[in-house]
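Here are my notes on the model, for you to read beside the coordinates. They are set out as numbered points.

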Amino acid sequence: MIIDFHTHPEFKNLKEKYSPDEFVKGMDIGGIDISCVFGCDQSDAGSCPPWQDKKQIAVPINISDEELATFCNKFPKRLIGITSIDPRRYKPEHKVERAD
């Protein structure tokens, strides 16, 4: 069994993300059985978060926990969602309590 422990839902371009079906198809091509899929909590990262700086990354990857859960629930035996918490957000401990 091959497990990819660090993946993210990716964007095809600035407006369109890969679907769970496309994501799992890529896993199949790569021989991956299970992927641990991380969200990206960068919503409160300041006036110019890394995902908006085109010098750092060309496409935003901000994914909410709810969106990640919907994504992973399509293939619950193959996709394991893992929350992401930006420690710079206002009261990050509230998100930790919610994820518990």
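1. Along the sequence the secondary structure runs β-α-β-α-β-α, giving 3 helices and 3 strands in the protein. Please keep in mind throughout that this is a predicted model.

2. Contacts are weighted towards long range in sequence. Among those with a separation of 6 or more, 67% join residues 24 or more positions apart.

3. On burial, 34% of the 100 residues of the protein count as buried. The accessible surface comes to about 6700 Å², and carbon and sulfur atoms hold 56% of that surface.

4. Which residues make the nonpolar surface patch of about 390 Å²? Met-1, Ile-3 and Phe-5 do. Phe-5 belongs to strand 1, which covers residues 3-7. With a relative accessible area of 53%, Phe-5 counts as exposed, because the cut-off for that class is over 50%.

5. The cysteines deserve a separate remark. A search of the whole structure returns 0 disulfides. Cys-36 is in no disulfide, and the nearest cysteine sulfur to it, that of Cys-72, is 9.2 Å away. Cys-72 likewise is in no disulfide, its nearest cysteine sulfur being that of Cys-36. A disulfide needs the sulfur atoms within 2.5 Å, so the 9.2 Å between Cys-36 and Cys-72 does not qualify.

6. Are these two cysteines buried or exposed? Cys-36 is buried, at 5% relative accessible area. Cys-72 is buried as well, at 4% relative accessibility. Both values fall in the buried class because its limit is under 20%.

Technical notes
Residues numbered from 1 in each chain as written. Predicted model: local features only at pLDDT ≥ 70, side-chain atom pairs only at ≥ 80, totals over all residues. Heavy atoms only, no water. Helix = DSSP H or I, 4+ residues; strand = E, 2+ residues; numbered from the N terminus. Buried < 20%, exposed > 50% of the residue type's maximum accessible area, 1.4 Å probe, protein only. Contact = heavy atoms within 4.5 Å. Areas by Shrake-Rupley, 256 points an atom, 1.4 Å probe, with all protein chains shown as cover. Patch = residues over 30% accessible without salt bridge, like charges linked within 9 Å, V, L, I, M, F, W, Y side chains within 5 Å. Salt bridge = Lys/Arg side-chain N within 4 Å of Asp/Glu carboxyl O.
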